[in-house]
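Colleague: I'm new to this and I keep hearing about salt bridges. Please take a close look at them for me, and then fill in the rest of the picture.

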Amino acid sequence: MSSTPVLPDPSTEPPAFTDLGLRPELLAALAALGYEEPTPIQREAIPPLLTGRDLLGQAATGTGKTAAFALPLLQRMPDDRAGDDPLALVLVPTRELAVQVSEAFHRYGKDLGARVLPIYGGQPIGRQLRALDAGVDVVVATPGRALDHIARGTLRLGNLASVVLDEADEMLDMGFAEDIEAILEHAPEQRQTLLFSATMPARIDGMARAHLTDPVRILIAREQPVAGEAPRVRQSAYLVARAHKPAALGRVLDVESPTAAIVFCRSREEVDRLTETMNGRGYRAEALHGGMSQEQRDRVMGRLRAGTADLLVATDVAARGLDVEQLSHVVNFDVPSAPESYVHRIGRVGRAGREGVAITLAEPREHRMLKTIERVTGQRITIDKIPTVADLRTRRLELTQAALRESLLEDDLDPFRVIVESLSDEFDLMEVALAAVKLAHEATLPGSDEAEEEIPQVAVRSPRDGRPAGYEGRGERRPARPRSAGTTQVFIGVGRRAGVRPQDLVGAITGETGVRGRDIGSIEIADRFSLVEVPVAVADEVIAGLRGSTIKGRKATVRRDREERPGEGRFDGGDRRERRDRR
Ligand code: AMP
């Protein structure tokens, strides 16, 4: 087994789906979806749920909780059921979740012939009435619309065997407490009740006490910091809609130019799809998953070691125990299903004192799981913005410039002198150089950036205040940001226009001073300057260190921030600003 810097691999001998007691139809559906092994919550929840136990689960989106409850609920439905009233009701806070959860039920329950219906506000009620009338097995509903149908007598709960309250904390935050109580009053006393919530405030506890009987308690991601030495890994995440993930991955890799990277996916199917996409984008990508023979895997690893492949797209199962010297980047194509898995994955880079990079592509709804991972690992994950087409162009030009500089310093250019001399009779030398640079640029970086499209930036909406979390939205004014006690801000006269990213500032500070990354507070990057929050006690050391060094190749003004910044208005370009929040 490879050495793990922070946590031992929690799943050296993980139980398989076949060990959980699931029916062949469900196992077949999971295999077809390319799920290789159950996630931690699935391992813990499925066996007791199959016996009819109640459950209280603290788990955020991204942990695999939907399958954890959908699979046992589907299995518990009798094959020879009589009647058309639903056997299971899942209450969810939003229409999006209603659609997602019912799609999940549909995918897993296809071979069982499960009839699943999402009902939510905003959809014409007539269609829902007809579907309910035709008979359903599982209803996935937002509380308001469910109550509406109950009142009309079109949703009858008398046959319910199971009720799931999914994302209960969000439902309470959205003011659904009374609706939920009213709905549960219509459900039979004798039933199985499941409650999932990302957080466990007292109100949720009260709800659990009132409605669950001797529940199994499952806590994914206990919030204790893990002991041990953290790997030297720069960790960042990009929030991106599912549909834009492959493009975002390409864009981020183009800008990062890794020596060799491993991209983790959740399922075999995704591994195959993504490998194909990345090859189409000019990467030399190789798939690695549990469906491959040892010989096939050895061949793939050989190509990576020899440098004939530069991207490995893998599932956790296939990558277990794998040790690749050359890896510079680990990419999580999805947020891993448990913090332990995240830690294990990123432990593959940052070895032997080299700094590695861990990048996570998260859907906005997985934002919470990122926060949990941060808490558990005690390490910060910076939310970065997906490089724009302009960023990509700048980066490509930088690469061409670096290649030209290398050639100027090292190559024998004499054989080409005759060309330059003869062209210079006709053209200005500058123009000759420009044409040569253009050709070199196009030759070294095939694939024009003309075809590149902007990838939409997304923000997370927190139901508590309705405002985006993680970073501020486009065009918002800079809010007065509370500063932690005992810290001060250092002004650095380079910013986004110079290509400065939070990690550059952290790198410069930790490289030039004895200050550790975790002591650095929030970082704000404006177009022409940046502000870094540091403990007062080390501010002078940081200022001296930064004055003595260069950031992105530039010498910058560095001083204590005086608050009355000239041109504060520059911060107005909210979309050009990155911000890293202090936890
Ligand atoms: P959830 O946390 O329920 O929103 O699930 C997150 C994502 O993980 C969904 O896209 C599921 O399809 C996927 N997923 C759930 N369980 C597994 C598994 N055991 N293996 C691979 N993917 C999974």
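Modeller: Let's start with some vocabulary: a residue is called buried when its relative accessible area is under 20%, exposed when that area is over 50%, and partly exposed when it falls in between. Also keep in mind that this is a predicted model.

A search of the whole structure turns up 39 salt bridges. We won't visit every one, so let's begin with Arg368 and Glu170. Their closest N and O atoms are 2.9 Å apart, and a salt bridge needs a side-chain nitrogen of Lys or Arg within 4 Å of a carboxyl oxygen of Asp or Glu. Now look at where the two partners sit: Arg368 is in helix α15 (residues 367-377) and Glu170 is in helix α7 (residues 168-173), so the pair links parts that are 198 residues apart in sequence. How covered is each partner? Arg368 comes out at 23% relative accessibility, so it counts as partly exposed. Glu170 has a relative accessible area of 14%, so it is buried.

Stay with helix α15 for a moment. Eight of its 11 residues are buried, so the helix is mostly covered. The buried ones are His367, Met369, Leu370, Thr372, Ile373, Glu374, Val376 and Thr377. Just after the helix comes Gly378, with a positive phi near 70°.

Now go back to helix α7, where there's a second pair to find. Asp173 forms a salt bridge with Arg203, and here the closest N and O atoms are 3.4 Å apart. Asp173 belongs to α7 and Arg203 to helix α9 (residues 202-211), so this pair ties together parts that are 30 residues apart in sequence. Asp173 has a relative accessible area of 26%, which makes it partly exposed. Arg203 is partly exposed as well, at 48%.

While you're at α7, look at the loop between β5 (162-165) and this helix, where you'll find Glu167. Its phi is near 50°, a positive value in a residue that isn't glycine. With 13% relative accessibility, Glu167 counts as buried. Lys552 also has a positive phi near 50° without being glycine, and it sits in the loop between α20 (536-547) and β20 (558-560). Lys552 has a relative accessible area of 40%, so it is partly exposed.

Back to salt bridges, this time with partners in loops. The side chains of Arg284 and Asp310 meet at 3.3 Å, N to O. Arg284 is in the loop between α11 (268-280) and β10 (285-288), while Asp310 is in the loop between α12 (294-306) and β11 (311-314), so the pair ties together parts that are 26 residues apart in sequence. Arg284 is partly exposed, with a relative accessible area of 40%. Asp310, at 19%, counts as buried. Salt bridges can also share partners: Arg242, Lys245, Arg266, Glu270, Asp334, Glu363, Arg365 and Glu366 are joined into one network in this way.

That's the charged side of things, so let's turn to the nonpolar surface. Leu408, Leu413, Phe416, Val418, Ile419, Val420, Leu423, Phe427 and Leu429 make up a nonpolar surface patch of about 830 Å². Helix α17 (residues 417-426) contributes the most to it, with four residues. Val418 is found in that helix, and at 54% relative accessibility Val418 counts as exposed.

Last stop: the ligand. It is surrounded by 14 residues, and the closest are Tyr35, Gln42, Gly62, Gly64 and Thr66. Sorted by type, the shell has three nonpolar, seven polar and four charged residues. Next, check the backbone. A polar backbone atom of Thr63 is 3.0 Å from an oxygen atom of the ligand. For Gly64, a backbone N or O atom lies 2.8 Å from a ligand oxygen, and for Lys65 a polar backbone atom is 3.3 Å from one. On its own the ligand would expose 500 Å², and the protein buries 86% of that.

Technical notes. Residues numbered from 1 in each chain as written. Predicted model: local features only at pLDDT ≥ 70, side-chain atom pairs only at ≥ 80, totals over all residues. Heavy atoms only, no water. Near = heavy atom within 4 Å. Polar contact = N/O pair within 3.5 Å; in protein donor to acceptor, adjacent residues only side chain to side chain. Areas by Shrake-Rupley, 256 points an atom, 1.4 Å probe, with all protein chains shown as cover. Nonpolar A, V, L, I, M, F, W, Y, C, P; charged D, E, K, R; others polar. Patch = residues over 30% accessible without salt bridge, like charges linked within 9 Å, V, L, I, M, F, W, Y side chains within 5 Å. Helix = DSSP H or I, 4+ residues; strand = E, 2+ residues; numbered from the N terminus. Buried < 20%, exposed > 50% of the residue type's maximum accessible area, 1.4 Å probe, protein only.
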